[in-house]
Amino acid sequence: MPPRTRRRSGALCWRPPRTATAASTKKDGRVYEKGAGSSPETRHFGDDLSACCRAAVWVFNSQIRGYSLPTLCAREVQQGDYVRYHYTGTFTNGTKFDSSLDKGAPFMGLVGSESKVIPGLDRGVQGMCVNERRKITIPPHLGYGVTGAGSVIPPDTTLVFDVVLLDVWNKADKAEIRTLFRPQGCRRSVQRSDFVRYHYNGTLLNGTVFDSSYWRNITYNTYVGRGELIKGMDEGLLGTCIGERRSVIIPPFLAYGEKGYGSKVPAYATVIFDVLLVDVFNVKDDVQLEVQDIPQPCRRKAQAGDFIRYHYNGTFQDGTPFDSSYQRNSTYNTYIGLGHVIAGMDKALLGVCVGERRRVTIPPHLAYGENGTGSLIPASAVLIFDLHIIDFHNPSDSVDIRVTHTPAECSDTCTTNDLITYRYNCSLLDGTRLYSSDDYARLPQVTLGQGAVIEGLEKGLQGMCVGERREVTVPPHFGHGQDGGSGVPSSAVLLFELELLELQRGVPEGYLFLWLEDSPEPLFPAMDLNHNQEVPLEEFTDFIKLQVLEGRGRLRPGVDSDVIIRDMFTNQDQNSDGKITANELRVQTDHGEIPDHEEL
């Protein structure tokens with residue numbers, strides 16, 4: 001209700017003087033004169049007052065004798081209003097005959113024709129504001145007249161009432177709403193049957209604070225429109241937005257009525273709630289998805305059973321953050337659709353693409369419910385997650401190989417035991433670069449099938465020809481697994497860009513030399529070039545290099561040929577006398593003799 005201009009005539013029949021003397025003071029439409037004691041006293045209007053205005057009313061400034069007139073008067077007492085006030089009644093000599101303060105409860109009653117108080121007091125409170133203090137002097141004919149009141153009030157007695165107005169309302173009043181702040185872009189406002197969380201300060205109309213949710217550092221949580229609140233608050237919360245501040249003024253019959261509320265709220269008290277809405281949802285609400293960015297192309301969407309890694313910022317509806325994976329510099333890793341996360345998140349992650357960003361709003365019945373979780377999530381809190389999907393995979397996934405370039409001639413392809421030279425870039429699926437062969441002075445070489453690289457990369461390199469380029473997606477169970485690796489996050493899907501540069505045919509694992517055609521028969525005479533029945537290292541070296549040169553045999557690639565040949569010679573020179581004989585070419589095993597020199 002907007003403040004109204006204070007009336008200075010009407011209910012109390014004030015008639016201002018025609019002129020004010022030099023010794024008078026004009027204030028608020030009334031004229032005051034200074035008496036001998038320099039205290040404000042009412043000017044004597046004499047016969048100018050009508051008969052209805054025999055009750056003289058003094059309204060004093062707060063600087064004088066403690067009597068006060070509020071700076072802002074939102075409402076004045078009118079006939080038909082109900083009032084609640086404290087009073088002290090005295091005779092003109094100062095003797096007290098009655099006081100609501102002594103009784104421990106203020107007076108409450110109706111103003112006007114149905115008033116239960118003496119006419120002078122009834123007229124004297126009209127026009128008052130809450131927190132205003134008045135001194136009301138009542139002549140006998142507007143008090144208890146010629147009869148008095150038993151032994152308390154003698155006949156023909158002038159009475160003086162010191163009154164402080166605490167409350168005023170009317171049966172026609174409704175809950176009054178004053179919006180203090182309303183955020184822009186209000187997407188949703190409170191409707192009947194919604195569940196809300198809000199902070200409040202509760203005061204009486206005279207400013208006395210009787211309760212506050214801030215004292216307990218916890219919101220008040222309840223349904224709206226189901227009778228769980230006082231009627232005035234049920235109405236006052238409708239239409240409120242998240243983050244909105246409003247003041248709800250509730251008359252007694254829409255608040256706590258004639259009983260009040262314990263020792264906090266007196267009977268027949270108007271209450272004011274300053275409300276800040278923190279949260280709102282409905283039990284019928286589902287997860288709300290707002291897709292903010294989807295990289296193109298989206299080759300695959302997440303399904304139940306997939307394992308996913310994502311970053312998130314978690315906030316409440318009022319914008320207060322409660323958690324963030326970025327603060328820990330680590331993604332949140334979990335399975336989808338298996339109940340490992342809250343139900344709302346399980347639902348929200350279905351159908352996401354790698355690199356996608358989406359905002360997810362999860363009502364509490366699909367989050368942490370009415371209990372919350374520890375000090376992190378309050379009871380019945382709506383949660384908002386801003387997600388960034390880093391990658392996902394399924395435990396049944398195989399290595400995905402996509403050829404991006406095939407040279408014109410691509411018949412000679414690498415296989416197990418071959419030595420290859422290749423170039424690579426390795427990144428996460430969101431594009432984060434991990435490492436590259438360009439970071440090193442020498443290009444990488446590897447013998448396929450020897451376990452020198454992760455299994456997924458091995459599979460991706462198999463079958464390539466020189467000049468071929470591939471993109472190879474490696475799920476973590478073919479990569480660095482749950483533990484990750486140097487610079488590789490836990491359970492990360494890796495993307496390799498590969499190019500085969502060189503291919504050298506290899507030999508089986510455990511072999512140093514491989515015959516590409518049938519070996520000479522018999523072998524020893526072919527090795528014994530000077531036919532002296534013994535083969536020293538120099539003669540053995542010349543023989544092996546001749547086989548390689550003529551294409552009849554192959555040394556293990558990637559190792560110095562002289563080193564390999566020396567190892568081969570040492571293996572055959574069983575008595576270590578520096579020469580190989582015919583008998584030394586025959587090797588004994590647990591199963592007997594190995595014929596025909598397969599050891600070479």
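The torsion about the S-S bond of Cys73 and Cys129 is about -95°, so this disulfide is left-handed. The model in which it appears is a predicted one, and the sulfur atoms of Cys73 and Cys129 lie 1.8 Å apart. The bond connects distant parts of the chain. Cys73 belongs to the loop between strand E4 (56–59) and strand E5 (82–91), whereas Cys129 belongs to the loop between helix H2 (119–125) and strand E8 (133–138); the two cysteines are 56 residues apart. Both Cys73 and Cys129 are buried.

Further along the chain, Cys186 is joined to Cys241 by a disulfide with an S to S distance of 1.7 Å. The torsion about the S-S bond of Cys186 and Cys241 is about -95°, and the disulfide is therefore left-handed. Cys186 sits in the loop between strand E10 (176–181) and strand E11 (195–204), and Cys241 in the loop between helix H4 (231–236) and strand E14 (245–250), so the pair ties together parts that are 55 residues apart in sequence. The surroundings of the two partners may be set side by side. Cys186 has a relative accessible area of 31% and is partly exposed, while Cys241 has a relative accessible area of 1% and is buried.

The pair Cys298 and Cys353 also forms a disulfide, with the sulfur atoms 1.8 Å apart. This link of Cys298 and Cys353 is left-handed, with -95° about the S-S bond. Here too distant parts of the chain are linked: Cys298 is found in the loop between strand E16 (288–293) and strand E17 (307–316), and Cys353 in the loop between helix H6 (343–349) and strand E20 (357–362), a separation of 55 residues. Cys298 counts as partly exposed because its relative accessibility is 25%, whereas Cys353, at 2% relative accessibility, counts as buried.

The count of disulfides comes to four. Numbering the bonded cysteines along the chain gives the pattern 1-2, 3-4, 5-6, 7-8. Cys414 calls for separate mention. The cysteine sulfur closest to that of Cys414 belongs to Cys465 and is 8.6 Å away, which is too far for a bond because a disulfide requires sulfur atoms within 2.5 Å. Cys414 is buried, with a relative accessible area of 3%. Cys426 likewise counts as buried, at 1% relative accessibility.

Attention now turns to a serine. Ser100 lies in helix H1, which comprises residues 100–103. With a relative accessible area of 1%, Ser100 is buried. Its side chain reaches the backbone nitrogen of Tyr87 at 2.9 Å. Leaving aside residues up to four places away in sequence, Ser100 touches Tyr85, His86 and Tyr87, together with Ala105, Pro106 and Phe107.

The last region to consider is the largest pocket, which holds about 650 Å³ of space. Its lining consists of 22 residues, and those nearest the centre are Arg299, Arg300, Val354, Leu429 and Thr473. Strand E21 (383–393), strand E22 (400–405) and strand E26 (469–474) are the elements that give two or more residues to this lining. By character, the lining residues divide into 11 nonpolar, five polar and six charged.

Methods:
Residues numbered from 1 in each chain as written. Predicted model: local features only at pLDDT ≥ 70, side-chain atom pairs only at ≥ 80, totals over all residues. Heavy atoms only, no water. Helix = DSSP H or I, 4+ residues; strand = E, 2+ residues; numbered from the N terminus. Buried < 20%, exposed > 50% of the residue type's maximum accessible area, 1.4 Å probe, protein only. Polar contact = N/O pair within 3.5 Å; in protein donor to acceptor, adjacent residues only side chain to side chain. Contact = heavy atoms within 4.5 Å. 1 Å grid on protein atoms, 1.4 Å probe; cavity = no way out; pocket = protein on both sides within 12 Å on 5 of 7 lines; lining within 4 Å. Points joined across faces, edges and corners; volume = space filled by probe spheres on them. Nonpolar A, V, L, I, M, F, W, Y, C, P; charged D, E, K, R; others polar.
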